[in-house]
Every structure is written in structure tokens, then in C-alpha cells.
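Thanks for making the time this morning. I would like to walk you through one structure, going slowly, since many of you have not looked at it before.

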Amino acid sequence: MLKPENLLNLAKNFLNQNVHEALERTVFNNKKIISESDFSKFHVDSVRRVIQYAVSNKLVIFESGYYKLSLISKTGALELLTTLGDSDFVQQVNSNSDFYMTMTEKMRKVVLLGIELNIFTLSSNRIQISKEVEPFLNESSSLSMHLWIQNFIKVSSKLFSVPCLISAIETGQVQWANAFGATVTNPFDLMSSHPELFKNLMEGMHQSNVTDSNFVTPLLPLKNCKTILDVGGASGAMGLSICHHHLQITQYMIYDLAEAVSLYEAMFERYRDQKNIPVKFRKGDFFAKANHLGLFCLDESEKFDVVILGWIIHDWNDEDATKILIRSKQHLAQGGKLILLEAVLPDDRLGSVTMLDLTMLVQTGGRERTISDFENLLKRSGLKMTAEIDTNGRRKIIVSEAI
Ligand SMILES: C[S@@+](CC[C@H](N)C(=O)[O-])C[C@H]1O[C@@H](n2cnc3c(N)ncnc32)[C@H](O)[C@@H]1O
């Protein structure tokens, strides 16, 4: 199955340049070599996470107890993403065989980066979009990542700017206010201040979740499951995929934030391709009414064979994540399963998941976790992990039951 890895590599290339510069200007502060003691002047947990990203991407080398900043080349990753977000450009590349020869020198450099990352192929002075990437750039393809690219250019690239990364290193705070003004403290504030960006963010999230949901769905342990509660199920990327694969499902309830549900419902109507899909939406709030036992706006008697939380726990710190898990657990039918769909950090906290961890640092105040971090969170919430299933996508399936 196709994976959008090449586009993610381009986003990573942009992040690499900015992380390198942010570290150079803060923790390294013009020094070439530092040790852990230099972290203490900053927000230690955030510095550690940024350094783990940097080590994973060879921006920083760790040797004999010291961290050394490496040299990297600064290339036009954002220019290339901007170009790919323009459908006229994609059309021109595909239809004009002289395109490479007629480009400006600056543009040619950008395209060379695309060739390096296997976004373009070049043969006999003709460039083409590579076969692996084409379906993700084509606006009408079901795998299109077009709106995800737009979101990266307009929102993510701002949150990952050098000043925002520096502020995250210094304070450990999310960066919405720095990127979009004091009135924006979380993505939902964009709804009133920047409605187009909010819509784009949600559409981009849907697109990036479609491909990953298709990796997860066939492996879900849903044999005798008829009813599902999808906590924070958004616009139903997962719901659609599950209902298509597991035809025995009679009820699929998406529980999400009241303010966002109307948009999600409208998106779902646009993306659904059949009439008889048993998806229903319920407006709520994970944290409303502190003394409520189950999820607010769901009756405690509403029970489900399976409760799914996909890309939810990583948005929150341990305390809030535990609250969400305890409330979600209340809606499990006797013998039901609570399933987390999350990227998992390896025990050394290095590797590709660190890119998502930085996203959580600047965007949600949450974090990526190792499997034992998840096991502990589940235990604190009265749940026992019973299985951990690998997928070919970015997430693992973590299955648990009430203790
Ligand atoms: C990363 S998205 C989840 C995407 C989806 N589960 C998937 O796998 O495709 C996080 C979701 O949590 C929802 N959310 C955020 N805060 C919430 C709250 N306080 N109560 C309910 N839902 C909330 C958001 O609206 C969003 O749909």
C-alpha cells in the first residue's frame, strides 16, 4: 500500500533546519559541544525532547557524554512544499516536457531537493512527479494530501518557526499565541479568529488520517464487536474505514467537542460514499463537569463493545490523559475492549516518532510515549494492557480491558 513518507520527509527537512538553528541559538549558544548540565537553564523536559529529535535526525551527535552540533545544509523545503501545494505547478510539471529547462535557477535548486527526496524523478532533462507521490498530490484522489500540505504551509510551518521553537525550548509552552496572536491559545480559538485556517487544519487532519486508518482497520480485534464509541473521532476518517471493513457494526458513535461537531458532520457527509453507514455524532467535552462519572453528555448507561481513542492520548499530559481514560472506561460493556491507536516511541525515545513528539510540544502540550508509558497510564486509569499490535502505518494498536 502507498505511504505518504516522501511528503513527510520534506516536512522533516524543513523542521531539521529550524531545530538546528533554534538549538544553535539557545542550548548551544554558539558553542560546538555541550553536556546535560547546559539543559538546566531552559525547560528541561522540552530541551531533552528537542535534542532527542535532533539526535534522531543527525543534527546533533551524542558521544562520550557530550552533545555536538553537526553542520547541515539549508535547503528550500518550505518553497518546495509551497510549490507542491499549487495544483497549477503539478499540472505544468506533468504536461510540459521542457519544464525543467525553463525554470529559474532558484526553482531548479528547489526541484533538486525534490529529486533527492524522491518526490520528482528526472530523466533526459524531463522532470515528473514520482509514482509514489502522485496520488497524494492529486486533489481528486481518495489518498490526496493536498489540504494537509496547505495546512503545513499555513499552520504547522508557523508553529515550527525558529522563534516558536526557541520559545518552546525556553518555556515548554504550546506556541499558538506566538504564531497567531494572543487570543489564540489552542487550535479551537482559530475557529473564530482564522476560520479558514481552522477548516484547513481539520481537513488536513482528516486527509492524513485516511491513509493511516486503512493500515489500522484490518488488524483491529473487532470479531464479536457490534457497537463502537470513538472518543475524539473527529470527521470520521477511522469510522468510515472501520464501517467499510467490519460490516457487523450496527452502531458507531463519534464523541467530540461540541464546537467542532457541526464542521465534522459536514465533512463526514462529504467524504462518506454510502448512505447506510451506522455513524452518529454526539457533542461533548472530555473535561466538562468535574464530578461526572462517564463522558459528559453520554448517559452512564450507554455502553459499547469497544471504545476507541485514536491520536487522542498523545494530545494531553499524563494528568488529563488519565481523566479521559477513566471517563471513557465507564462506557465499556461487560468484557469490552478499550483500544488506543497511537504512535509509540522506542524505549530510548529516539527515532521517527520524535517528529510527532515535537508537534505535540508546540501544538497540544501533549507528548509521544513509550509502550511502558502507555501501560502505566492505563494502569493508573483502572485498565490492563492485553495486547500490542504492530501495523504498517504510523500507529500501533494498544488493546486494554477494565481491571
Ligand atoms: C487528533 S484528533 C483525533 C483524530 C481521530 N481520532 C482519528 O484518529 O482520525 C483529536 C480530536 O480530539 C477532539 N477534542 C479535543 N479536545 C476535546 C475535548 N475537550 N472534548 C472532546 N473532544 C476533544 C478534537 O476535536 C479532535 O477531533
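What you see here is a predicted model, and I will start with its open sheet, which has 7 strands in the order 8-7-6-9-10-14-13, with mixed pairing. At the edges stand strand 8, residues 279-284, and strand 13, residues 383-389, and because each of them has a single partner strand, one side of each is left without a neighbour in the sheet. If we ignore direction, neighbouring strands of this sheet are turned against each other by 25 degrees on average.

As a general reminder, the strands of a sheet pair through backbone hydrogen bonds, and they may do so either parallel or antiparallel. In our case, strand 6, residues 227-231, and strand 9, residues 304-310, run parallel and are joined by 3 bridges, and along this pair you can find I228 standing opposite V306 of strand 9. Packed on the sheet is helix 13, which touches strand 6, strand 7, strand 8 and strand 9, and whose direction makes about 175 degrees with that of strand 7.

Let me turn to the ligand. Which residues are closest to it? Of the 18 residues that surround the ligand, the closest are N209, G232, A234, F286 and G310. The elements that give two or more residues to this shell are helix 12 (195-216), helix 13 (237-245) and strand 7 (251-257), so helix 13, which we just met packing on the sheet, appears here again. By class, the shell is made up of 10 nonpolar, 5 polar and 3 charged residues.

Now for the interior. In soluble globular proteins, nonpolar side chains tend to be buried together. The largest nonpolar core in this model holds 63 residues, and the members that touch the most others are L10, V19 and V50. Helix 1, residues 5-25, supplies the largest share of this core, with 8 residues. If we leave aside its neighbours within four places in sequence, L10 is in contact with A77, L80, L81, L117 and I119. There is also a second, separate core of 47 residues, which includes L229, V279, L309 and I339.

Finally, a single residue: is V155, in helix 8 (residues 146-159), buried or exposed? It has 22 C-beta neighbours inside 10 Å, and since 20 or more is the cut-off, V155 counts as buried. Beyond its neighbours within four places in sequence, V155 is in contact with L197 and L201, while T364, 209 residues away in sequence, lies 13 Å from V155 in space, C-alpha to C-alpha.

Terms used:
Residues numbered from 1 in each chain as written. Predicted model: local features only at pLDDT ≥ 70, side-chain atom pairs only at ≥ 80, totals over all residues. Near = placed C-beta within 6 Å. Helix = DSSP H or I, 4+ residues; strand = E, 2+ residues; numbered from the N terminus. Nonpolar A, V, L, I, M, F, W, Y, C, P; charged D, E, K, R; others polar. Pairing = 2+ DSSP bridges. Axes fitted to C-alpha atoms, helices over the stretch in contact; angles between N-to-C directions. Contact = placed C-beta atoms within 7 Å. Core = buried A, V, L, I, M, F, W, Y, C linked by C-beta atoms within 7 Å. Buried ≥ 20, exposed ≤ 12 C-beta atoms within 10 Å, placed from the backbone.
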